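Hi,

Here is the structure I promised to pass on. Have a look at it first, then read my notes below.

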Amino acid sequence: MVNQKTHHEAELADGQTLCAGCGAVAEDTPPTWTCSVENGERRYFCDRCARENIRAIEGRLDSSWW
């Protein structure tokens, strides 16, 4: 079971979301961003980072591998 608090770990204090790949910041969580759960922690990836690593994401490889 995923800890509900993990959603807040990927968000900044002002409600913005941080890309775990490149560090891009977005207002709220854009519907086009990808969410991956790694070691019980949610990580969000922007469009560009998700496109560049879609095979690894779909293969459920942790982002440390890509």
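To get you going: how many residues lie between strand 3 and strand 4 in the hairpin that they form? There are two, and Asn 39 in that turn has a positive phi of about 55 degrees. Keep in mind that this is a predicted model.

Staying with the hairpin, strand 3 covers residues 34-38 and strand 4 covers residues 41-45. The two run antiparallel, with five bridges joining them. If you want a spot to zoom in on, try Ser 36, which sits opposite Arg 43 of strand 4.

Now for the whole chain. You'll find three helices and four strands in it. Going along the sequence, the order is α-β-β-β-β-α-α, so to speak a run of strands with helices on either side.

Next, have a look at Thr 17, which belongs to strand 1 (residues 16-18). Is Thr 17 buried or exposed? Its relative accessibility is 0%, and buried means under 20%, so Thr 17 counts as buried. The Thr 17 side chain also makes a polar contact with the side chain of Thr 29, at 2.8 Å.

Some overall numbers to finish. Of the 66 residues in the protein chain, 27% are buried. The chain exposes about 4,700 Å², and carbon and sulfur atoms supply 48% of that area. Looking at contacts between residues at least 6 apart in sequence, 32% join residues at least 24 apart.

Cheers

Methods: Residues numbered from 1 in each chain as written. Predicted model: local features only at pLDDT ≥ 70, side-chain atom pairs only at ≥ 80, totals over all residues. Heavy atoms only, no water. Buried < 20%, exposed > 50% of the residue type's maximum accessible area, 1.4 Å probe, protein only. Contact = heavy atoms within 4.5 Å. Areas by Shrake-Rupley, 256 points an atom, 1.4 Å probe, with all protein chains shown as cover. Polar contact = N/O pair within 3.5 Å; in protein donor to acceptor, adjacent residues only side chain to side chain. Pairing = 2+ DSSP bridges.
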